[in-house]
Amino acid sequence: MADTQLSAVPSQVHAHTHPMANPGYGKRSAPNQLAPTKQTFAHLPRREAAVAAYIDRLADGSDISVKTLAKVLPYGQCALRTALNHLARTGHLRRGREHLKGSNSARWVTRTWFSRTARDDTWWTAFAGGELREDDPPRPTRSRALILLAALGRTAPSLSLSAAECVALEPLVARWFIRGATDAEVLRALTTGLPDPIHSPAAFTRNRLTNKLPLEAPAPVPATPPALRVLECDTCGTPGRPEALPGGACASCRGEHAPPRGPAALPPSRVHAHAQLARQSARSAR
């Protein structure tokens, strides 16, 4: 569907002829995106879907500034600015700065990261903090833990679980995987020496997942330090912590105002009056 949204774009405009930005700038594809489908941008309004589909086809390093996009797309700069801000709110785009790794300098460059797959604020926070590597596989629709629990009844019919029970037990299995356990090790811990009968498969599984949880393995030392990134407000460009920029917008651009930091300062006349009263009280005491 997203491809059809570009019917308004002139036929002579092609992604491979789009202008490139200066070296080190321009579009940067976010890691771990899902493969494109006809429904990739179906959740967006028509104009935003058209812009997103066009940017998605551009190579990394392409100039996706408002002025350049206005020269190749049938939208004005104001409309494109609104569309890009909408893409930021829906998790497809973030702007910020990134330190050049290996440059041995304090040089930072402006980045515009684009993700075909919509990301929530938690994902962008992890990305900005360097917690996601370029080679991390995309998260499946169903987690590895949920898939294991759903198939548990095939290995041990007495431990067949409902969908709701699988969802409830999923975090416990995930803890095993975080500590380095394999699927076979989890299955062996759950299915070895089963009593007969098992009155509550969910309670029995929960008990074993809790009591047999392996020791936590030491954290691996990363081969290379993560990239240093700072996200910026997509409207005013103010830098800030990722959690302070939900949807890519700062508090001021969201229409929120910071609470007062304390009582207002007294005017000079009130200060002088208080000082005079204090002096009079001291003289009276003497």
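Strands β2 and β4 first. Four bridges join them, and the two strands run antiparallel. Take one pair: E98 has R229 in β4 as its bridge partner. Keep in mind that this is a predicted model.

Now the sheet around that pair. It is an open sheet of five strands, and the pairing is mixed. Read across, the order is β1-β3-β2-β4-β5. Which strands stand at the edges? They are β1, residues 27-29, and β5, residues 239-240. Each of these has a single partner strand, so one side of each has no neighbour in the sheet.

Follow the β5 edge. Two bridges join β5 to β4, which covers residues 229-232, and this pairing is antiparallel. E232 stands opposite P239 in β5. Between β4 and β5 there are six residues, and the two strands form a hairpin. Look at the turn: G237 has a positive phi there, about 80°.

A helix also packs on this sheet. That is α3, residues 77-89. Which strands does α3 touch? It touches β2, residues 93-99, and β3, residues 108-114. The direction of α3 makes about 80° with that of β2.

On to helices packing against helices. How do we describe such a pair? Two packed helices are described by the angle between their axes and the distance between the axes.

Start with α7, residues 163-178, and α9, residues 201-211. Their angle is about 15°, and their axes are 10 Å apart. Angles under 35 degrees count as roughly parallel, so α7 is roughly parallel to α9. The crossing of the two is left-handed. Who makes the contact? From α7 come E165, A168, L169, L172, V173 and W176. From α9 come A202, T205, R206, R208, L209 and T210. Sort the residues of this contact of α7 with α9 by class, and you get seven nonpolar, two polar and three charged.

Helix α9 has another contact, with α8, residues 183-191. Here the axes come within 9 Å and cross at roughly 120°. That angle makes α8 oblique to α9. Is the crossing left-handed or right-handed? α8 passes α9 in a right-handed crossing. On the α8 side, find V186, A189, L190 and T191. On the α9 side, find F204, T205, R208 and L209. The classes in this contact of α8 with α9 are five nonpolar, two polar and one charged.

Compare the two lists for α9. T205, R208 and L209 are in the contact with α7. T205, R208 and L209 also meet α8.

Next, a single residue: G129. Where is G129? G129 lies in the loop between α4, residues 121-128, and α5, residues 144-150. Its relative accessibility is 47%, and G129 counts as partly exposed. Now find P242. Along the chain, G129 and P242 are 113 residues apart. In space, their C-alpha atoms are separated by 8.7 Å.

Last, step back to the whole protein chain. How many helices and strands are there? The secondary structure comes to 10 helices and five strands. The chain has 286 residues, and 37% of them count as buried. Then look at contacts with a separation of 6 or more. Residues 24 or more positions apart account for 66% of those contacts in the protein chain.

How values were computed. Residues are numbered from 1 along each chain as its sequence is written. This is a predicted model: local features need pLDDT of at least 70, side-chain atom pairs count only at pLDDT 80 or more; totals for chains, interfaces and linings use all residues. Side-chain values use heavy atoms; hydrogens and water are left out. Axes are lines fitted to C-alpha atoms, for helices over the stretch in contact, and angles run from 0 to 180 degrees between N-to-C directions. Angles under 35 degrees count as roughly parallel, over 145 as roughly antiparallel, 65 to 115 as roughly perpendicular and the rest as oblique. A crossing is left-handed if the near helix is turned anticlockwise from the far one by less than a right angle, and right-handed if clockwise. Contact means heavy atoms within 4.5 Å. Ala, Val, Leu, Ile, Met, Phe, Trp, Tyr, Cys and Pro count as nonpolar, Asp, Glu, Lys and Arg as charged, and the others, Gly among them, as polar. Two strands pair if DSSP finds at least two bridges between them. Buried means under 20% relative accessible area, exposed over 50%, partly exposed in between (1.4 Å probe, protein chains only).
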